[in-house]
Amino acid sequence: MAEMILVVDDDPDIARFVEVNLRSAGYDVAVAADGEEALARAATVRPDLVLLDVMMPRIDGFEVAQRLRRNPLTANTSIIMLTAKALSADKVTGLQSGADDYIIKPFDPIELLARVKGTLRRAKEMRNLSPLTGLPGNIRIQEEIERQVREQRAFAVLYCDLDNFKTYNDQQGFVRGDRLIQATARIIQDAVVEGSVSEGFVGHVGGDDFVAVVDPDGAEEVAAQICARFDEARAEFYEAEDLARGYVRMEDRKGEMQDVPLVAISVGIASTARRGFAHYGEAVAVATEMKQFAKRDQGSSYAIDRRTP
């Protein structure tokens, strides 16, 4: 499905010029001639991006941008301001009004399309980021693994999952639980950056689940580092006596005392070093299966698929 762009300009020649160039690049386009019409059209067509002229009758572009940002239906819509003024004050005003970028008239069609493409790409990436960890979410994880498969690269998928996290979250509260998730994200990122022979990727599936994509030669070392660093960092999230015991004593819902193991991390590894993967789901399924093997061990551990199909 093509992305929708709303072009707002009171000059019909400019509006037509922009519309033609955007349609030729494969975008769906709607046009509005002034600010009032722009607000009405934006609420109806829900555009992915608004190309918004600054100087318009009735309502100028700055006011339109502010009102788009205040409306829940359009609050996350990308905005590029079109301005004939090159003054830095006007640029600042546009950005303060909620614009993501600006283009100075007259502009080249190549620049226009480059700015539009870049703004839409950044917006897509931001929508796909976990608000808690800032890491890419499910869509980007799938895209990355599918890219590795499509380009027939050598890669390994690490599926990381926290053990006993729900109990920790219930006992310590969501604030400390969120901090533990954020710390885990940093641990995985650091291990991937330091241990990857080539570029690495880390995504947050959601909750206490993470996926990393790394070079297969360094996958096992990365997993080992994740486990070791997680256990070191655990001291920040428990009382000293709990760490010394290796478990937490707490009441269950019936008021009976029980011993709850400390939070640990389990990592499952699926690698092209042993087998090929035809698609994203196959690689993730093997990594998930290995993660379940790792969970059988007490404490943080990893398991790597060494089977040859």
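Visitor: Where does Arg-234 lie?
Guide: This is a predicted model, and in it Arg-234 lies in the loop between α9 and α10 (240-245).

Visitor: Is Arg-234 buried or exposed?
Guide: Buried. Its relative accessibility is 16%, and the cut-off for buried is under 20%, so Arg-234 makes the cut.

Visitor: And what does Arg-234 touch?
Guide: Not counting residues up to four places away in sequence, Arg-234 touches Leu-243, Leu-262, Val-263 and Ala-264.

Visitor: OK, switching to Asp-163. Which strand is that one in?
Guide: Asp-163 lies in strand β6. Asp-163 counts as buried because its relative accessible area is 10%.

Visitor: What does Asp-163 touch, then?
Guide: Leaving out residues up to four places away in sequence, the list is Leu-262, Val-263, Ala-264, Ile-265, Ser-266, Lys-295 and Gly-299. Ala-264 is also the bridge partner of Asp-163, over in β11.

Visitor: How many residues of β6 are buried?
Guide: 8 of its 8 residues, so you can call β6 mostly covered.

Visitor: Which residues sit on which side of β6?
Guide: Ala-156, Leu-158, Cys-160 and Leu-162 are on one side, while Val-157, Tyr-159, Asp-161 and Asp-163 are on the other. Both faces are covered. In a regular strand, side chains alternate between the two faces of the sheet.

Visitor: What are the partners of β6, and which way do they run?
Guide: β6 is joined to β8 by 6 bridges, and these two run antiparallel. One of the pairs there is Val-157 with Val-213 in β8. On top of that, 8 bridges join β6 to β11, again antiparallel.

Visitor: In what order do the strands of that sheet come?
Guide: The order is β7-β8-β6-β11-β12, which makes 5 strands in an open sheet with mixed pairing. β7 (201-206) and β12 (301-304) are at the edges with a single partner strand each, so one side of each has no neighbour in the sheet. On average, neighbouring strands are turned by 20° against each other, direction ignored.

Visitor: How do β11 and β12 pair?
Guide: In the parallel sense, over 4 bridges. For instance, Gly-268 has Ala-303 in β12 as its bridge partner.

Visitor: Which strands does α9 lie across?
Guide: β6, β8, β11 and β12, and α9 runs at about 175° to β11.

Visitor: New topic: which residues touch the most other members in the largest nonpolar core?
Guide: Leu-158, Ile-226 and Val-267, out of 34 residues in that core. At least two core residues come from each of β6 (156-163), α7 (165-172), α8 (174-195), β8 (209-214), α9 (219-233) and β11 (264-271). α8 has the largest share, with 8 residues.

Visitor: What is Ile-226 in contact with?
Guide: Setting aside neighbours within four places in sequence, Ile-226 is in contact with Leu-158, Cys-160, Ile-187, Ile-188, Ala-191, Ile-265 and Val-267. There's also another core lying apart from the largest one, with 20 residues, among them Leu-6, Ala-30, Ala-42 and Phe-62.

Visitor: What about the sheet with β1 in it, what's the strand order there?
Guide: That open sheet goes β2-β1-β3-β4-β5, with 5 strands and parallel pairing. Its edges are β2 (28-32) and β5, each with a single partner strand, so one side of each is left open in the sheet. From one strand to the next, the twist averages 20°.

Visitor: How many bridges join β4 to β5?
Guide: 4, and the two strands run parallel. Thr-83 has Ile-104 in β5 as its bridge partner. Helix α3 (residues 61-70) packs on this sheet too, touching β3 and β4, and its direction makes about 175° with that of β4.

Visitor: And α5, which strands does that lie across?
Guide: α5 lies across β1, β3, β4 and β5, and runs at about 175° to β5. Its buried residues are Leu-112, Val-116, Gly-118, Thr-119, Leu-120 and Ala-123. The cover over them includes β1 (4-8), α1 (12-24), β3 (49-53), β4 (78-83) and β5 (101-104).

Visitor: What span should α5 have?
Guide: With 19 residues (109-127) at 1.5 Å a residue, α5 should span 27 Å. Its end C-alpha atoms are 27 Å apart, so that agrees.

Visitor: Last one: what reaches the backbone nitrogen of Ile-110?
Guide: A side-chain oxygen of Asp-108, which comes to within 2.7 Å of that nitrogen at the start of α5.

Conventions: Residues numbered from 1 in each chain as written. Predicted model: local features only at pLDDT ≥ 70, side-chain atom pairs only at ≥ 80, totals over all residues. Heavy atoms only, no water. Expected span 1.5 Å × (residues − 1). Buried < 20%, exposed > 50% of the residue type's maximum accessible area, 1.4 Å probe, protein only. Contact = heavy atoms within 4.5 Å. Polar contact = N/O pair within 3.5 Å; in protein donor to acceptor, adjacent residues only side chain to side chain. Core = buried A, V, L, I, M, F, W, Y, C linked by side-chain atoms within 4.5 Å. Pairing = 2+ DSSP bridges. Axes fitted to C-alpha atoms, helices over the stretch in contact; angles between N-to-C directions.
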